[in-house]
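Welcome! Open your viewer, get ready to select residues by number, and follow along one stop at a time.

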Amino acid sequence: MALNGIEIISTGSAVPVQTATNDDFAKIVDTSDEWITTRTGMKVRHISSGEPTWYIGANAAKNAMEKGNVNPEDIDLIICTTVTPDFQTPSTACMIQREIGAKNAICFDMNAACTGFVFALDAARRYLSFPDINTALIVSAEVLSKMVDYTDRASCVLFGDAAGACVLRSADKLYSSSLSSDGTGAKLLCTRYPFNPNPLQDKEKMPEFDDLDTPHDNYLHMAGREVYKFATKALPFEVTRACERAGIKVDELSLIIPHQANVRIVETAAKNLGVSMDIMYMNLEKYGNTSSASIPVALDEAVSEGRIKKGDKIALVGFGGGLTSGAAVIEW
Ligand code: UT7
């Protein structure tokens, strides 16, 4: 079956009010503005003062719906991507549905870590190719400050909280994707769910699992250098493959919106792709790494700044935990 492309009707974003600068981090861990700026490109990030993931996500969704003049009752599907849900159940998508009044939507969450938005775009496009789903809402919402260890300087300075959203419909437009997953790299980036010991457990009978060799706490753990190496290869690989599948050359892309993890990753990847940094959209200096929210927040900013025009071919590309990576080429 031939699938249609997609049209992004509108985009939106939202952030918690509170911000933290590099100097704020220098007050709590042994770091400096100079180290963070030169190693990552980050300056400021938003940190939740209690705003839940679903709330920031719903604000991003409302922002996108308002800009697109979209009625909540017309939304047939809500996919929320998050690695930081407020509840194991209900899904964050159901919480957002409740808040925005999208009573006709089917709702579920997806976890593809920082690549979540690209995976969700691909899933939504497949749903939208069938006649019963006409309008989809993707919300990528993250409150990473819930799982960051604020005593670990190697990770705490990197992450921020934000949400990005878009409303989309099926359209006869160019679309291609390249998605990859590699569970053999699972332990390079992981956070465990809390586990409640119970009084019936018999320690003698506990089975041994070939579990990830990472600490048994609920903090985010990342093997930064390994993930860095993976990212510099994954980004050009996925963009090149998505362009090949779209039947276009990489130099036909007018903008690439990468996951905002580290400006050095994007610079190296741009070199490997043979493109100038001018077409790499970057805003991580204002948000830090917001996992799956980073691409739709950057997309929303790029649209507001007029960086994307009708007919442009752009690529969205992510990489992260799982390991996962992926790119989508879309026509605006
Ligand atoms: O979003 C999911 C995907 N995630 C990513 O793509 C992140 C990928 N990784 C990275 O971006 C980089 O690896 C980091 C930014 C996390 C780290 O940068 P790096 O250049 O790879 O630094 P490093 O881990 O090799 O550490 C270099 C030094 C170490 O000190 P020694 O051992 O050389 O004395 C660290 O202890 O920098 C030290 N260090 C810090 N120093 C000051 C680590 N964190 C800090 C810090 N401030 N915040």
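**Stop one: the core**

This is a predicted model. Start by selecting Val239, Leu253 and Ile256: within the largest nonpolar core, which has 46 residues, these three touch the most other members. Next, colour the elements that give two or more residues to this core: α7 (224–246), α8 (263–273), β12 (313–320) and β13 (324–331). Which element gives the most to this core? That is α7, with eight residues.

**Stop two: α7 and α8**

Keep α7 and α8 on screen and look at how they pack: their axes are 9 Å apart and make an angle of about 45 degrees. The two helices are therefore oblique to each other, and their crossing is right-handed. To see the contact, select Tyr228, Ala231, Thr232, Leu235, Pro236, Val239 and Thr240 on the α7 side. On the α8 side, add Arg264, Ile265, Thr268, Ala269, Asn272 and Leu273. If you colour this contact by class, you will find eight nonpolar, four polar and one charged residues. You have met Val239 already, as one of the residues that touch the most other core members.

**Stop three: α3 and α4**

Now move to helix α3 (residues 53–68) and helix α4 (residues 92–100), which pack at about 55 degrees with their axes 9 Å apart. Parallel or oblique? This pair is oblique, and the crossing of α3 and α4 is right-handed. Select Thr53, Trp54, Gly57, Ala58, Ala61, Lys62 and Met65 in α3, then their partners Thr92, Met95, Ile96, Glu99 and Ile100 in α4. This contact divides into seven nonpolar, three polar and two charged residues.

Note on methods: Residues are numbered from 1 along each chain as its sequence is written. This is a predicted model: local features need pLDDT of at least 70, side-chain atom pairs count only at pLDDT 80 or more; totals for chains, interfaces and linings use all residues. Side-chain values use heavy atoms; hydrogens and water are left out. Axes are lines fitted to C-alpha atoms, for helices over the stretch in contact, and angles run from 0 to 180 degrees between N-to-C directions. Helices (H or I, at least four residues) and strands (E, at least two) are DSSP runs, numbered from the N terminus. Angles under 35 degrees count as roughly parallel, over 145 as roughly antiparallel, 65 to 115 as roughly perpendicular and the rest as oblique. A crossing is left-handed if the near helix is turned anticlockwise from the far one by less than a right angle, and right-handed if clockwise. Contact means heavy atoms within 4.5 Å. Ala, Val, Leu, Ile, Met, Phe, Trp, Tyr, Cys and Pro count as nonpolar, Asp, Glu, Lys and Arg as charged, and the others, Gly among them, as polar. A nonpolar core is a set of buried Ala, Val, Leu, Ile, Met, Phe, Trp, Tyr and Cys residues joined through side-chain atoms within 4.5 Å. Buried means under 20% relative accessible area, exposed over 50%, partly exposed in between (1.4 Å probe, protein chains only).
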